[in-house]
Structures are given as C-alpha cells and as structure tokens.
Amino acid sequence: MDDDEVLRVARAMGLTRLEPEHLMQLAQSLEAARRLGQQLPGDLHWSEEPAMVFRVAPPDPERAS
Amino acid sequence: MTDLGFLGLADAGELIRARKLSPVELTSALLARIARLDPLVHAFVRVTPELALAAAREAEREIMAGNWRGPLHGVPFGLKDIIDCKGLPTTAHSKLLIDNVPNEDAFVAARLKAAGSVLLGKLATHEFAIGGPSFDLPWPPAVNPWGRNLFPGGSSSGSGVALAAGLLPVALGTDTGGSVRNPASLCGITGMKPTYGLVSRRGVLPLATSLDHVGPMTRGVRDNALLLDLIAGHDAADAASVRRAPERFSANIDAGVKGLKIGLVRHFYAEDMQADCEQSAAIEAAAEVLRGLGASVREMRLAPLDDYATCCRIILRAEAFAVHRRWLAERPADYGALARQRLLDGAVVSAADYIDAQRLRARLIRQTDLAFTGFDAALTVSGMDPACAIDDAEATARSYPRQARQPFNVTGQPALVVPAGFTGDGRPLSLQLIGQPFTEAKLYRIAFAYEQATGWLARHPPGV
C-alpha cells in the first residue's frame, strides 16, 4: 500500500492529524491486521453467533412489599 | 520484628489489630523506603505522603479507640494509575491525561478506603495499559528490582515492582491480556486475574471492555486472597458485574491439595511454543511438588495457544481503538510511540474480523469448559521466558506474544500467578493456575499449599 492509500485510509477513519511518522505506523497496522485476519479459522460458521442474551430483571423485593 | 518493607498484609493486619504495630510507624517506614528506592525502580508516578500519614493517623486513632475495621485497616496500598482515586490525577502514565483529576473513587479504591487502608500513591503502568516500556512519556518506565536493567513486565509494572522492592504490601493492577500476571511473573510476586465480572471496573480507565479485569497483587498467596475478599462484589454501575453471594476466598486456604485433580497444560510450553528450559523445568517441578502433597496431576489439552492469541488480539485491538479513537483523531502526537502503534493497530481491524473473533471466542470457551471436566484446576506457564533487558526493545516486544495468559482473558476464567523459583542468574520464575469460573478459592488453596512447600517468598531482590 503506497503513502497516498494510507493517507486515504487515515482520512476515512477520521484520523486527519496523523503526522508522517504516525502514517508509517498506520501502514504497519494495516499489514498487521491483514495477517491477523488470515489467522482466524476458516471454518467459523454463522451459527456460532456471539449471542446477545436479554434477561428480565428479577423482581425487586423492596418494591413488592 | 520482620523488616517492615517485606511485612505482608496478613501479618501487618494482625500486628496492627493487636496494637503491636502502629499504622503510622508502618506508613512512615514504607515512605522512607520509597524515598530511598523509588528513584532506582520508578514504581510510582505519584507518592502521596501527606495523605498517607493523615490516613494512617486516622486508622491509628480508630484502632486505639477499639474500632478495628478488618485486616486492611491501617495497611498501606498502591493503585495502578488507571484506577481513579478522588482528587488525585489518573494519568494512565500519559501526557494526554496529565491533568485528569476524577471526582469519585473507583469501586475498588472506595472498598479499600472504607476498609481503613492507607493509600501511598499511584503506580506506574504501560501507557493506557497497552504501550510497553516507553522512554518517551512524562515518567520513566518501572524497572525490575531483581536486576537494575531488567524488564518488570506490564502493564501493571509499578504494582509488581513496588511489591517486589518492599515498598508496599498491597497493590491493585488490571489485566486485559495478562497485565496483572506478567509483572507478577517477572517480579516474583503473586497476581490474580479473577473471573470476569467478579470485581467491578467502575472508575477504571478501560482498555478493552470485554477482556478487562481488576486484580489483586501481593507478595504472598494468603494476602492476595484477603485482598480479593475485600474487592470482589456486585456493582450495578459495571455492566459486566456479576450478582452472586459474597464469598471469603481466604477461608479454606490451608485445606491442602490432597485429592484435587490438576491438569498440566504441557502443550502450551512444550509444543505450541518452546519455553525457556529453566521456566519449563520449574513447571514440571511444581507438578511434582503438588503430587507430593497429594494432588493428582495429569496432562490436559486445550486449544492451541495461537487460537487464543489471535482471538484475544483482534478483540483487544478493536475494542481499545473504540475507546481511543477520539483522542487519536485529536491528539495523536501526545501518545508515546508504542501506545500509538498498538492503538492504531485496532483502527484497521475489520468489523467482520471482530465478529469472527467473537465467534471464535464462543468456540474456545466451549472447548475449554469441556477440557476442564473432571479437573479442579489447570497448571501451566504464565510467560515462556524470565525477564529480559528493559532497554532491549526487540527483546521486550518479543516477550509479549511468548505467553499463556491471553487464553484466560478470552474465556474469563480465574488465573493466578505465583513465584516458582529462580533462574541460575537470579531472575524470578513463575507458574500459573487456572480454574473454572468462580473457583478462585480453590486456586488460592492450591497455590498456598505450593507456596508453603517451596518457600520462594523468603527470597528478596538484592540491594533492597
């Protein structure tokens, strides 16, 4: 990824005040994120959803009395 | 009397209760040690001698009047500087928050104050608990007292260093990817990452909320359990806080290990990674000690370390960026280089990867739970290596992935690190015990039996 592309990524993320050395760091981050994503198992299925569980609060004994 | 610098919480509390030790005497002795030694080890970002002496005098008045509050009454403590204490800056060791003064205590700070404990000051951390040992921040990094040029681990580095150097008996740290247990390992002290949700994080700067824990740090195991007795508890203001009956984790600590079934997770340090040979030998020796005490120790297999590490890194990076994105947008130059790099890493984690990492997390939790069936606890390494040089940036960076702590941030299980000996050149070695959720008391029981059988606690760093 060249410098202009890194700059475009930074702007798209709202990181408009990054200095040249920070943009070099962001370029390293892009590469690190790509590598890390590739390390995820390939067999993850949508059925293995991270569940959002909703619970009704237990009755408040003080209010009940 | 024992050197006051290395007097533990239980012993200090008992002497104070019996009026054989004055909280003012203890606090003054520790402040004198801090004045002498902290310029060498940099454990504190802020020492609060006037506040400490005032709190110690108040504790003394109460105790002399017959109003002893409990084992922490009059005992000094320190807080990692991402934990709020009303009226004192919480800096996160960063230029960004140098003037950040909270107007409330964190839940855990309030618990310690209510117990009559005496705050000595705020302790060094890696910047925002993520940065690493950095030399471009307003304060220098903490240095391991076991060697003047040794890395103490992090991010709760000041907490580990202050305990190892005998500057205080009680400290709190936080653990998102191992940050209580890493300094505990490298500084030769005891650190507990409790079950996720057991200790409230209200008033603690977040790093990655689904992985963040507050944990007790002490030199010995009994002290650690006493501290957890105090800080555990439900808090409606922490969304992850668990509502459960209060428990005394220290109650059966001396019940021994006879009949307990312990799984040895050898593949973490012998297949998935190759640990330093002295560190792996220390784990094998610990397994023998526990067998000798009557426990059954046999091999346990969990998922490969890489699976947990990938999962933890993706979640941690993404959640940390969510916390920091406004500061990164407005004041990127005010971060140290290491923290900025690690936080930018989270800027470019895709939403799909984050969701897949959460899917992987659910799978790993199921697999780990299944593997623990029939076991009371697991034994393995904390880190693969003893402490390296603090000014060797490559060595410290290399040390972070060479660890087995992240799995239990992913699963939320309790994990306890205790000293397990020393290398030939005098650097601390450690072991890690892991339990099923809410089995902290059992981990303390195993660790205490091991500690009593081995006596590693008696050794202190040279020159302190």
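**Exercise 1. Determine how strands β7 and β9 of chain B are joined, and place them in their sheet.**

Step 1. Strand β7 (residues 261–264) of chain B runs parallel to strand β9 (residues 377–380) of chain B, and three bridges join them. Strands here are DSSP runs of E with at least two residues, helices are runs of H or I with at least four residues, and both are numbered from the N terminus. Two strands count as paired if DSSP finds at least two bridges between them. The model is predicted: local features need pLDDT of at least 70 and side-chain atom pairs pLDDT 80 or more, while totals for chains, interfaces and linings use all residues. Residues are numbered from 1 along each chain as its sequence is written, chains are lettered from A and ligands numbered from 1 in the order in which they are written, and side-chain values use heavy atoms, without hydrogens and water.

Step 2. Within this pair of strands, B:Gly263 stands opposite B:Ala378 of β9(B).

Step 3. The open sheet has 11 strands with mixed pairing, in the order β1-β3-β2-β4-β6-β5-β10-β11-β9-β7-β8 (chain B). Its edge strands, β1 (44–47) and β8 (296–299) of chain B, each pair on one side only. From one strand to the next the twist averages 30°; angles run from 0 to 180 degrees between N-to-C directions, with axes fitted to C-alpha atoms, for helices over the stretch in contact.

**Exercise 2. Find which strands helix α15 of chain B lies across.**

Helix α15 (residues 440–454) of chain B lies across β5, β6, β7, β9, β10 and β11 (428–434) of chain B. The helix runs at about 10° to β10(B).

**Exercise 3. Describe the interface of chain A and chain B.**

Step 1. Contact means heavy atoms within 4.5 Å. By this rule, 28 residues of chain A touch 28 residues of chain B.

Step 2. Buried area is the accessible area (1.4 Å probe) that two parts lose on being put together, summed over both. The two chains bury about 2,400 Å² between them, with 61% of it on carbon and sulfur atoms. On the chain A side, A:Gln25, A:Leu36 and A:Leu40 lose the most area to chain B, together 23% of what that side buries.

Step 3. A salt bridge is a side-chain nitrogen of Lys or Arg within 4 Å of a carboxyl oxygen of Asp or Glu. The rule finds four across this interface. A:Asp43 forms a salt bridge with B:Arg363, with the closest N and O atoms 3.0 Å apart.

Step 4. Helix α2 (residues 20–38) of chain A supplies the largest share of the side that touches chain B, 11 residues.

**Exercise 4. Explain what the salt bridge of B:Arg33 and B:Asp3 ties together.**

Step 1. Over all chains the structure holds 26 salt bridges. In one of them the side chains of B:Arg33 and B:Asp3 meet at 3.9 Å, N to O.

Step 2. B:Arg33 belongs to helix α2 (residues 23–41) of chain B and B:Asp3 to the segment before α1 (9–17) of chain B, so the pair ties together parts 30 residues apart in sequence.
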